[in-house]
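Biologist: I am new to this structure and would like to go through its helix contacts and the relation between its chains. Could we look at it together?

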Protein chains: 2
Amino acid sequence: MDTTLSVLQYDLVFNVLSLTIAAMFAAGLFFFGARTQVAPKYRPALLVSSVVVGIAGYHYYRMFESWKEAFTFADGAYVSSGVAFNEAYRYADWLITVPLLLVELVAVLGLSRAKSSSLLTRLTIASVLMLGFGYPGEISSEAGTRWFWWVAAMIPFLYILYVLFNELGRAVEDQTGDVRSLLGRARTVLIASWWVYPVAFLAPMIGLSGATAEVAIQVGYSIADLTAKALYGIVIYQLARAKTEADGWQEAPAAVTA
Amino acid sequence: MDTTLSVLQYDLVFNVLSLTIAAMFAAGLFFFGARTQVAPKYRPALLVSSVVVGIAGYHYYRMFESWKEAFTFADGAYVSSGVAFNEAYRYADWLITVPLLLVELVAVLGLSRAKSSSLLTRLTIASVLMLGFGYPGEISSEAGTRWFWWVAAMIPFLYILYVLFNELGRAVEDQTGDVRSLLGRARTVLIASWWVYPVAFLAPMIGLSGATAEVAIQVGYSIADLTAKALYGIVIYQLARAKTEADGWQEAPAAVTA
C-alpha cells in the first residue's frame, strides 16, 4: 500500500477498528451469558453468536496492530511503512464466521435435521467460493483484476442471499406475532448488512482515490461486520427469546410456586 | 532453518497460524459453553474437548510469534533471521493433547471404568513413545535421520490407530440410529486427520525443496490439528447430543409439564 493518509483518515480507521474490537468482545460476553435466558433448544444459536463475535474480536485486534505497523507518521501525514496492511485477516475471519452465521440462523429457525444439513452444506460451499474468488481481487490494486473477481464472487454471494431470502420468507409465513416480526427484522439486518461488503469492495473502482478508497473499504467492512455479526446476533437473541415465550418454556417454574 | 521463503509462502503460513489460533479458541468457547446441552455423564468429554483446543490455541499463539521471529524481510523475500522456528511447541502440545483426545473419545463412548483405564494406559504410553521418537526426526534436516525416526514413530502410531479403529468398530456395532452413524463419522475424522501428520513429516524427504517442504509441513500440521482437535470435538459434541437424546435425558424436564 503506497497510500498517504491524512491524520484524520488514519485516525478514523484506527478508531473504528478499536471500537469494533470493544463491540465484538462485549457482544460475545452478552451472548455467552444470555444463552441461559432462552430455552435449551435455542442455546446453541446464542453460543454460536458468541463464538462468531469472539473470532471477529480476535481478528479486529490483529487488524488494529497491523494498521499501526503499516503506516509511519512523517511530515504531518501517514505514509506507508513498507509493511502491507494484512487484508488476509478479514478473509480468514469470514472463512470461519460466514458459515457460522448461517448455522446461527438455521439453529434459531429450528429446522429439521435433514433440512438444516442440506441448507448448510450448500451455503457453506457457496461462501467458501465467494471468499476464494473475492480474495485475489481484494489484494489486487488493478481495476480490471478487481472487477473480474468481484463479478465471480457475486455469483455465490447472490446465490446465498437468494436462498436465505426464500428460507426466511417461508419461516416468516409459518409464524405469528413477535416471532413473525422479528424474523422479518432478521431478514432486513441480514440483507442490508451483507450488501455493504461488495459495495465497499468497489470503492477503488468507482473513482475514489487511493487514500479515500482505503478508508472507505476499512470503515465500510467494519460497519458491515458490526451489523452482520453483533447486531444480527442481537436479533437472533430476540428471536430465541420470543420463540422461548411462544413455546411456553420457563426456567424451573416449579421452584417459584413450590 | 536456512530457508528463503517468498512473500506468498511466508504469508500463507503466517495466516494459517493466525486462523488456527482463532479457530481453536473459538472452538474452546463453544465446547465449554455447550457442555450443559448434554447429559451430565457426557459433560467431561466436552470439558476435555475445550481444554484440548485451549492448549492448542496457546501453542499456535506461541508458534505465530516464533514464526515472525524466525524470518526477516530482505530484498523482497523472507530469509532466516538466525533464530530457529521452535518446532518444540508442536511436540509439547501433542504430548498433552494426544492423550486428552483419547480421553474425550473414551469419555463419550461411556466404557466401563476398568476398560477405560486399561485402554487409556496403553494408548498414552504408545502416544508418548510416538512423540518421543518423532521429535528427534522432526528437528533433523538429514533425510536418513528423519527416515529412521519416522519408521520408529510409525510403530506406536499404527498401534494407536489399530486399537482405536477396533474399539470404535465395536462401539458402532452396539449402537443404532444417529449414534451409530456419528460413531462412524468420528472414526473417519480420526483416521483421516491423524494420517496427515506422518505424511506432512515426509515433505522434506520426498523431493520437496527446503522452502516448499517447510510450508507443506506447517500448513499440513495446522490443518491436521484443526481437524483432529476442533472438527473432532464437534463430532464428539454431536455424539454426546445424540446419546443424550437416546438416553431420554432433558434439562429440568418437569419445567415444561408443570
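**Helix packing and chain arrangement**

Modeller: In this predicted model, helix H3 (residues 88-109) of chain A and helix H1 (residues 7-34) of chain B have axes that come within 10 Å and cross at roughly 40 degrees.

Biologist: Is H3(A) roughly parallel or oblique to H1(B)?

Modeller: The two axes cross at roughly 40 degrees. Because angles under 35 degrees count as roughly parallel, this crossing makes H3(A) with respect to H1(B) oblique.

Biologist: How many residues of the contact of H3(A) with H1(B) are charged?

Modeller: H3(A) contributes Ala88(A), Tyr89(A), Ala92(A), Leu95(A) and Ile96(A), while H1(B) contributes Phe14(B), Asn15(B), Ser18(B), Leu19(B), Ala22(B) and Ala23(B). These divide into nine nonpolar and two polar residues, and the number of charged ones is no more than that stated for this contact: no charged.

Biologist: How does H6(A) run relative to H8(A), and what is the word for it?

Modeller: Within chain A, the axes of helix H6 (residues 177-194) and helix H8 (residues 210-247) come within 9 Å and cross at roughly 170 degrees. Since angles over 145 count as roughly antiparallel, H6(A) is, relative to H8(A), roughly antiparallel.

Biologist: As by which rotation axis are the two copies related?

Modeller: Chain B is superposed on chain A, with an RMSD of 0.1 Å, by a rotation of 75 degrees with 0.0 Å of shift along its axis. The copies are therefore related as by a rotation axis that is five-fold.

Notes: Residues are numbered from 1 along each chain as its sequence is written. Chains are lettered from A and ligands numbered from 1 in the order in which they are written. This is a predicted model: local features need pLDDT of at least 70, side-chain atom pairs count only at pLDDT 80 or more; totals for chains, interfaces and linings use all residues. Side-chain values use heavy atoms; hydrogens and water are left out. Axes are lines fitted to C-alpha atoms, for helices over the stretch in contact, and angles run from 0 to 180 degrees between N-to-C directions. Helices (H or I, at least four residues) and strands (E, at least two) are DSSP runs, numbered from the N terminus. Angles under 35 degrees count as roughly parallel, over 145 as roughly antiparallel, 65 to 115 as roughly perpendicular and the rest as oblique. Contact means heavy atoms within 4.5 Å. Ala, Val, Leu, Ile, Met, Phe, Trp, Tyr, Cys and Pro count as nonpolar, Asp, Glu, Lys and Arg as charged, and the others, Gly among them, as polar. Copies are superposed by least squares on the C-alpha atoms of residues with pLDDT of at least 70 in both.
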